[in-house]
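Please walk me through this chain as questions and answers, with the reasoning laid out for someone who works at the bench.

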Amino acid sequence: MAAKEASKNSPKGESKSTAQQKSRGTRQLKKEVVDLRSLLIHCAQAVAADDRLLASELIKKIRQHSSRDGECCQRLAFYFVNGLEARLAGTGSQLFPKMLAKRISEDDMLKVYNFYLAVCPFHRASYTFANQTIIETSAGHSRVHIIDFGVYTGFQWPSLIQLFGDQGVPPRLRITGIEVPRPGFSPLENIERTGKLLADYANMYKVPFQYQGIYSRYEDIQIEDLNIEEDEVLIINCLYRMKNLGDETVAMDSARDRVLKIMRRMNPKVFIFGILNGSYSSPFFVTRFKELLFHYSSLFDMLDVNASRGNEARKLLEGGILGREILNVIACESADRIERPETYQQWQARCLKVGFEQLPLDPAIMKSMLLMKKEFYHEDFVADEDSGWLLQGWKGRVLYALSKWKINESCADQ
């Protein structure tokens with residue numbers, strides 16, 4: 001309902017005359033948007049050159065025109081200038097862990113989750129893609145084991161449990177949820193909460209259920225701790241978490257390649273892989289900054305079109321999550337910089353290199369994605385297919401990509 005309301009109130013429903021009036025009234029604002037982006041890039045260049053006087057002057061000017069409650073570019077500039085100021089002061093590595101440790105209440109997390117489902121199709125499409133793949137892979141089997149890299153709240157799994165329950169005789173479902181330790185959070189408390197909520201949901205739909213929570217860095221996972229059994233269908237699920245692993249600029253034997261090799265040794269029936277498609281991992285700061293600005297300009301524009309500026313869940317998302325990510329990319333370096341996305345083409349090469357074989361995208365999934373977008377979401381959301389990847393984005397910019405893989409039997413174990 002929220003998505004339909006946002007779509008109804010979006011610019012695509014405006015008459016030509018209304019849009020023209022709005023355009024005349026916002027010409028000055030559009031000029032300011034262009035100026036703010038130019039100021040941000042000039043400031044990043046001054047910070048990179050260690051021109052502290054010029055950088056400080058530009059930061060002051062940007063702050064005068066930015067606002068966390070303003071229009072799209074003002075909000076974007078508010079969080080980008082925080083990152084630039086922290087980089088200039090050299091405080092990024094101290095600020096980011098404090099932001100990461102700051103707890104978001106369960107009520108606020110649920111608000112943000114429901115808001116994100118309402119305004120954009122990305123998570124909803126991802127869960128549909130994963131669920132359909134799991135249902136097809138597990139057909140005819142009585143035991144299913146899902147290893148979820150990045151289980152967090154477990155919000156992905158109630159819809160799958162319901163689908164299994166609707167089968168009449170559901171399989172015995174095991175979920176092993178892996179979560180990376182975070183400062184300020186109690187591992188045992190979070191594991192127990194997620195497991196209990198999923199167990200209660202499984203009981204509601206009469207699905208035999210077992211849950212195991214593991215707190216560990218992905219690259220430190222020991223396969224024997226996962227208790228994989230021969231008579232179960234093993235499925236690995238990893239959506240949008242691999243971007244936080246170190247790449248070759250951190251260590252030549254990168255953590256992301258090591259984790260993919262661990263996954264292959266688990267010998268899954270299928271590996272469901274979702275990535276944030278981004279090019280802002282360059283070791284060169286100004287190049288990275290410009291790519292980051294392009295990427296988050298799309299995200300903030302998407303939110304501006306599909307949600308009101310006063311929406312509290314939008315403010316929580318921008319300030320509590322997106323602002324934190326922006327600061328990490330701008331103000332942190334080396335191992336402290338954990339936001340390191342790659343393009344889907346780069347991830348495809350990594351998966352092939354370690355011995356996975358890509359499975360084709362089911363045309364029915366693409367059709368359902370397009371129908372979902374048309375029914376519930378703004379017309380500027382895009383869904384497309386390339387090289388077996390389901391691509392999702394906004395106004396032509398690819399933001400997320402989904403794929404599925406199996407073991408390439410012709411490759412030797414890594």
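Q: In which loop is the place of Trp157, and is Trp157 buried or exposed?
A: Trp157 has its place in the loop between E1 and H9, where helices (H or I, at least four residues) and strands (E, at least two) are DSSP runs numbered from the N terminus. This is a predicted model, in which local features need pLDDT of at least 70 and side-chain atom pairs count only at pLDDT 80 or more, while totals for chains, interfaces and linings use all residues. Residues are numbered from 1 along each chain as its sequence is written, and side-chain values use heavy atoms, with hydrogens and water left out. Since buried means under 20% relative accessible area, exposed over 50% and partly exposed in between (1.4 Å probe, protein chains only), the 0% relative accessibility of Trp157 makes it buried.

Q: Which residues is Trp157 in contact with, leaving aside its neighbours within four places in sequence?
A: The C-alpha atoms of Trp157 and Ala130 are separated by 9.9 Å, although their positions lie 27 residues apart along the chain as the sequence separation. Taking contact as heavy atoms within 4.5 Å, and leaving aside neighbours within four places in sequence, the partners of Trp157 are Asn131, Ile134, Ile146, Asp148, Val151, Ile175, Leu198 and Asn237.

Q: Why is strand E1 largely enclosed by the rest of the structure?
A: Strand E1 covers residues 143-149. It is largely enclosed because, of its 7 residues, the number that are buried is 6.

Q: What is the bridge partner of Val144 in E2, and what is its bridge partner in E4?
A: Two strands pair if DSSP finds at least two bridges between them; E1 is joined by 7 bridges to the parallel strand E2 (residues 172-179) and by 5 bridges to the parallel strand E4 (residues 233-239). For Val144, the partner in E2 is Leu173, and the partner in E4 is Val233.

Q: Through which helix does the chain cross from E1 to E2?
A: E1 and E2 run parallel, and the connection between them is a β-α-β crossover of the right-handed kind, meaning that, with the strands pointing away from the viewer, the path from the first strand over the helix to the second runs clockwise. The helix on that path, residues 158-165, is H9.

Q: How many residues does the largest nonpolar core have?
A: A nonpolar core is a set of buried Ala, Val, Leu, Ile, Met, Phe, Trp, Tyr and Cys residues joined through side-chain atoms within 4.5 Å. In the largest one, the residues with the most contacts inside it include Ile146, Leu173 and Met302, and the number of residues in this core is 86.

Q: How are H12 and H13 oriented to each other?
A: The axes, which are lines fitted to C-alpha atoms (for helices over the stretch in contact, with angles from 0 to 180 degrees between N-to-C directions), come within 11 Å for helix H12 (residues 285-306) and H13 and cross at roughly 170°. Angles under 35 degrees count as roughly parallel, over 145 as roughly antiparallel, 65 to 115 as roughly perpendicular and the rest as oblique. H12 and H13 are therefore roughly antiparallel.

Q: At what angle do the axes of H7 and H13 cross?
A: Helix H7 (residues 106-119) and helix H13 (residues 312-331) have axes that come within 9 Å, and the residues that meet include Phe115 and Tyr116 in H7 and Leu316 and Leu317 in H13. The crossing angle is roughly 105°.

Q: Which residue stands opposite Asp384 in E8?
A: Strand E7 (residues 381-386) and strand E8 (residues 389-394) are antiparallel partners over 6 bridges, forming a hairpin with 2 residues between them. Opposite Asp384 in E8 stands Leu391.

Q: Is Leu390 buried or exposed?
A: Leu390 lies in strand E8, and its contacts beyond four places in sequence include Phe129, Met366 and Tyr400. At 0% relative accessibility, Leu390 counts as buried.

Q: What phi does Lys206 have?
A: Most residues other than glycine have a negative phi. Lys206, in the loop between helix H10 (187-204) and strand E3 (209-215), counts as exposed at 68% relative accessibility. Although not a glycine, Lys206 has a positive phi of about 55°.
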